[in-house]
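Visitor: Please show me the model. Then walk me through how its helices pack.

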Amino acid sequence: MSDPQQDAQQEAQQDPQQDPLHELVAVMRRLRSECAWKAEQTPQSLVPYLREETEELVEAIGSGDTAHVCEELGDVLLQVVFHAAIAEERGDFDLDDVAAGITAKLRRRNPHVFDPASLGRDASSPALTAVVVNEIWQQVKATEKGAG
């Protein structure tokens, strides 16, 4: 693991227009080191905020207001970044690990896209329906859960 404070300084020097996600991580690292309230937070203390922000996102989606959905997605993303920053400080994992994990999961659970040969399919195979794709997802998920 690298030094979060040094990483924050380096990332803060990057052009935020070029990489707003890195800027968000750098801002969170700085807030964790310079804001007493944020520094005191733990994954457990953040659970109510995560629930609240998730519910607000669900409400925004229901309203159909895309600007509100965008804002609430940002608030949920903040929670993800906050939790990852705490884990990074503890030496457990960082946001890159979170992203790598979900990317790998998406590749495993979508073999019809990323490994069609494993399903006996090729470029000439007919498109799968959404129902079949969901069945494949659920089968892979069940296999993973059984192995874990």
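Guide: Axes are lines fitted to C-alpha atoms, for helices over the stretch in contact, and angles run from 0 to 180 degrees between N-to-C directions. Helices (H or I, at least four residues) are DSSP runs, numbered from the N terminus. This is a predicted model, where local features need pLDDT of at least 70, side-chain atom pairs count only at pLDDT 80 or more, and totals for chains, interfaces and linings use all residues. Residues are numbered from 1 along each chain as its sequence is written, and side-chain values use heavy atoms, with hydrogens and water left out.

Visitor: At roughly what angle do the axes of helix 2 and helix 5 cross?
Guide: Helix 2 spans residues 20-34 and helix 5 spans residues 66-90. Their axes come within 10 Å. The crossing is right-handed (the near helix is turned clockwise from the far one by less than a right angle). The angle is roughly 60°.

Visitor: How many residues of the contact of helix 2 with helix 5 are charged?
Guide: Contact means heavy atoms within 4.5 Å. Arg 29 and Arg 32 are among the helix 2 residues that meet helix 5, whose own include Glu 88 and Glu 89. Asp, Glu, Lys and Arg count as charged; Ala, Val, Leu, Ile, Met, Phe, Trp, Tyr, Cys and Pro as nonpolar; the others, Gly among them, as polar. The contact has 10 nonpolar residues, no polar ones, and a charged count of 4.

Visitor: Is helix 4 roughly parallel or roughly antiparallel to helix 5?
Guide: Helix 4 (residues 43-63) packs on helix 5 with the axes 8 Å apart, at an angle of about 160°. Angles under 35 degrees count as roughly parallel, over 145 as roughly antiparallel, 65 to 115 as roughly perpendicular and the rest as oblique. Helix 4 is therefore roughly antiparallel to helix 5.

Visitor: How does the contact of helix 4 with helix 5 divide by class?
Guide: Leu 46, Tyr 49 and Leu 50 are among the helix 4 residues, and Val 69, Leu 73 and Phe 82 among those of helix 5. The division is 12 nonpolar, 5 polar and 5 charged.

Visitor: Which residue's side-chain oxygen reaches the backbone nitrogen of Asp 96?
Guide: Asp 96 is at the start of helix 6. The oxygen lies within 3.1 Å of that nitrogen. It belongs to Asp 94.

Key:
A polar contact is a pair of N or O atoms within 3.5 Å; within protein, one must be able to donate a hydrogen and the other to accept it, and residues adjacent in sequence count only if both atoms are side-chain atoms.
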